[in-house]
Amino acid sequence: MSKVIEARHGNGGRMTHELISNMFHRILPMANGSDNDSCPIHTSTDGLVVTTDGHAIDPIIFPGGNIGKLSVTGTINDLLALGAKPLGISAGFILQEGLPLDTLETILQSMAKELKDHDMNFYSGDTKVIQTIEEPGLFITTTGFGTRIGSSLIGPSYVKAGMDIICTGPIGSHGVTILGHRNQFEMTSELQSDVQSLFFMMADLFKEGDLISCFRDATRGGILSVMYEICQNRSLQAVLKETRLPIENGVKSSCDLLGLEILEVANEGVGIIFCEKKNTPYILKHLHNFKEGRKAECIGELVDGSGRAKVILETAIGGQRAMAWTNADNLPRIC
Amino acid sequence: MNFEVHRQAESNPKLIKVKIDELANLCTNKRYRIMEFCGGHTHSFFRSGLAGMVKPFIDLVHGPGCPVCVLPPGRVGMLLDLIENRDDVIVATYADMMRIQTLEGRSLLKSGKRAIMVYSALDVINIAEKNPDKEIVFAAIGFETTTPPTALLLDKIVKNKIQNITIFCNHVLTSPAIYGVMDLLDEETSPDGIIGPGHVSMVLGSKAYDVVSQKIQRPIVISGFEPLDLIDSLIELVKQIRKNKNDVSNLYSHVVKPLGNEKAQKLISKYFEVRPSFEWRGVGSLKESALQIKGEYSAYDCEKKFNLKDTHLNEHPQCKCPMILLGKSSPLDCKLFDKACTPSTPLGSCMVSSEGACNAYYNYGVEK
């Protein structure tokens, strides 16, 4: 590992994963053996679940949402990784000198709306103000509390070879929207971030026994990071089918144009479900009833495999390519 | 044809299978060595999975047509020294250029606000307007594909008398690169045929290759970037090789015209002239292989305005990029590959850009 923190430690790829495993988990291991986005407070299956999520995004207001909405929906989606219903959040706000109060109000109103829609409480908050030499913004750190919906345990340790991989919606729109907006690539496309809660779509699936073995929201680092986090250190390989990946045309064209790898692009409202093959048709049928899940697809399966490459993509023309877990940032190509 | 419909046809697996079988039949007695000159083609071969599908009968040699890969680190060193010495300079450039790292680990990407990524050369004008007290240096890079946008930028700078933009020109030329590489290869390593670049040819025109194919005595097929384009180009090349022909075929004719984009060519020749020689990473110094800004516009030439001196920076002694760029070695032969040298810690230039052979081998998990 390099000696200082680099921007790439935050991109959700391999370096982020290594920083967390080698530094944070070594010194601050999670309670009750959790290796998930959230952690149970008690070891019993019906106990409280807690998660913490930091939000730093530039721009703070973007097509499709803002950092306020993102902070609540991101927390809700992390609680879902343990199959939990959100009860409420506490939040810390680091405000930068110069931030317009109107902007702050807009962001807080978005948080309030999401909390209300999910019947969630706001337990406690804190504010600090710091100076900045850059465009003033804010950072939000949330802690979310929830209770498990069903009685079965889910998580990376419950996945095994032979399981299907389901993607709940079109991928890449958040990352492409933010990248375009941040770098002012004037693409005449009506791209919007997919920032959304997956709770209403997912809740019933957790009620029903052992339908789902593991659930992740594919945020920073995209689908590829989810696959590597699940398959890393296990003799598993994810085989994905390119033709089954749900992608909106505008996102696909933007990725082609900018030379981005769609599977590494961030999402804020896309879940990945690992499940027994027999459950796939039922789960897909359920997901298709919801707006956020109408494009849900079974995108591949887990197989036994001990090679270096943990993700194999079966390409549209019938070829294959392995996909390495890189640290490269999503920077466009020259030509 | 509608773009989406066209794309679907391009990735029809049944059609591809038929074509692969056709190619295999042409190669029953001999393996052929084909060089794809352009890094964009290298990328497409691996990304689509086509590289693996043709591997049983075709040896793909990855050519030097990745502008970042052939840029000597000294050129980036010149820019890094400039922003270190002058507080008022901001470098604007394309993303791949930002990633190039010197041996001691310096790069534009690590220069914070002193280096700005642009997607279009003309964005540089906005940056200059927003920073009237700064000197904006546009680090221009690329083959003939990206030269017209730089010429257009220069045209706007000159016409609008913009005083705070200069251009650091690293534009290189395709034909001298092909000659340079072919000169360095022996019978064993030399390709039997060449897949000619697509976007470059859109500017140059297909006729520009007639003299090239005659000079190097190899067939050249200008190709598009979809898998079907590439496999068609391989079939056409193998057919020509079997008949001992050295023709130029244009299979990308919906984009590449015989005379190319004459408007762009005019704009280029208005502002640029050929450099006497230019250093190519891995290939060495090649005569008349790059462009520089014409003397009468030297006020906009970064090298002249800031009196930059050519800088030479050493390469990692174990880096095999020079041999890889010549198609003499595979990335898998390099001791640094996937160990010290990865896309996040690129020691050699072929790992920097997604068009570089090492980067493609790493990302697409090519194994022995």
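**A parallel sheet in chain B and a kinked helix in chain A**

In this predicted model, chain B holds an open sheet of 4 parallel-paired strands, in the order β4-β3-β5-β6. Strands are DSSP runs of E with at least two residues, helices runs of H or I with at least four, numbered from the N terminus. Two strands pair if DSSP finds at least two bridges between them. The edge strands of chain B are β4 (115–117) and β6 (165–171), each pairing on one side only. Neighbouring strands are turned by 25° against each other on average, direction ignored. Axes here are lines fitted to C-alpha atoms, for helices over the stretch in contact; angles run from 0 to 180 degrees between N-to-C directions.

Take β5 of chain B, residues 135–142. It runs parallel to β6(B), joined by 7 bridges. Ile141(B) stands opposite Asn170(B) in β6(B).

Two helices of chain B pack on this sheet. Helix α5 (73–85) touches β3 (89–93), β5 and β6, with contact meaning heavy atoms within 4.5 Å. Its direction makes about 160° with that of β6(B). Helix α7 (123–130) touches β3, β4, β5 and β6. The direction of α7 makes about 165° with that of β5(B).

Now chain A. Helix α1 (14–27) has 14 residues and reaches 19 Å from its first C-alpha to its last. That is close to the expected 20 Å, taken as 1.5 Å times one less than the number of residues. A kink of about 30° is centred on Ile20(A); the bend is the angle between axes fitted to the seven residues ending there and the seven starting there. Met15(A), Thr16(A), His17(A) and Leu19(A) of α1(A) are buried, meaning under 20% relative accessible area (1.4 Å probe, protein chains only). Their cover includes α6 (222–231) of chain A.

Residues are numbered from 1 along each chain as its sequence is written, and chains are lettered from A and ligands numbered from 1 in the order written. Local features need pLDDT of at least 70, side-chain atom pairs count only at pLDDT 80 or more, totals for chains, interfaces and linings use all residues, and side-chain values use heavy atoms, without hydrogens and water.

Definitions and conventions. Buried means under 20% relative accessible area, exposed over 50%, partly exposed in between (1.4 Å probe, protein chains only).
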